[in-house]
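Me: Please take a close look at a single part of this model, its pockets. How many residues line the largest pocket, which of them are closest to its centre, and which elements give two or more residues to the lining?

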Amino acid sequence: MEWNLENARFRMTVQATGAELSLLWDNKGQRNWIWQPQPDVWNNSATQLFPVVGQLIHNGLWQGERFFPLSAHGFLRYQIFDCVEQDATHLVIEAHDTASTREVWPFSWQVRIGWYLESDGIRVTWSVFNTSDETWGYSSGWHPGFALPVASEPGWTVRFNSVCTGPFATQKRTLQISDNAPGIAAFPLLPESFNHGAVYFSQSDDNHWAVCSPDGVEQIVFAGNQQWLALWGIPGANLLCVEPLSGTTDDPCFDGQIAHKRGIQWLNAGEQHSHWLSVRFPADSGR
């Protein structure tokens, strides 16, 4: 099952399994901006992350004496979404807890994702609902991959609208944050940038950033309200993952208690949190 949206410039496809964006075809450039799965590189396109982000070094989380055997990035990417509403350029889909999710995370939840196809790109919204009778903590995020010639054309850069903190490099999928990390306004995408895995940045309230080609032209422009940004790719591959996240992969010294996990957001019974991201492709990008 999949859903398709289309306007004068773009055609996009969202899969029911995992709410994965598998196509964003640009009529102007005659290209698909979204990475296509390759088993020997990365076998996904745009993964949804919930209720955890990144690697869990204890193969799960504890909440007091309760242990939740969660896997890396959680289980939302495996869930089947249902359509709530749709027209030519707008789609809202949702998933909720099932017997299988309650085996590893015993809470009632609902995640609703809105897709909005606009004249110069897409806007995505996420609403996380606590439909249980107790408070729980979670992290969420999106892990889209973009098909860009970052390996074959040296000089690509990610440029930030305001100074953010980082970069923080991962080691064996864990992340240690330095208390005296520098501020950064631009991050060059070098052949060795992702030799050890993803690189994280802590963003300000003014979360705008752009992926720029070697000639300095903005190819993809992002804005959103998540605190963390991770960049990731496979050395030698023309793939760049740009991941807005509310949390991070585990610290190597993390004790496994969810209350101590970096980036956990607590959601009370009956309440909801909202997140959003804008992804624009400037018409004068030339690519």
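Reply: The pockets are described below, beginning with the largest.

This is a predicted model, in which local features need pLDDT of at least 70 and side-chain atom pairs count only at pLDDT 80 or more, while totals for chains, interfaces and linings use all residues. Residues are numbered from 1 along each chain as its sequence is written, and side-chain values use heavy atoms, with hydrogens and water left out.

A pocket is here an open set of points on a 1 Å grid over the protein atoms alone, where a 1.4 Å probe fits, with protein on both sides within 12 Å along at least five of seven lines; lining residues have an atom within 4 Å of a point. Volume is the space filled by probe spheres set on the points, which are joined across faces, edges and corners.

The largest pocket holds about 350 Å³ of space. Its lining comprises 21 residues, and His73, His143, Arg173, Ala198 and Trp232 are the closest to the centre. Strand E19 (228-232) and strand E20 (239-245) are the elements that give two or more residues to this lining; strands are DSSP runs (E, at least two residues), numbered from the N terminus. By class, the lining has seven nonpolar, ten polar and four charged residues, where Ala, Val, Leu, Ile, Met, Phe, Trp, Tyr, Cys and Pro count as nonpolar, Asp, Glu, Lys and Arg as charged, and the others, Gly among them, as polar.

The second largest pocket has a volume of about 200 Å³. Val150, Ala151, Leu190, Pro191 and Gly236 lie nearest its centre, among 15 lining residues. These 15 residues divide into eleven nonpolar, three polar and one charged.

Notes. Helices (H or I, at least four residues) and strands (E, at least two) are DSSP runs, numbered from the N terminus.
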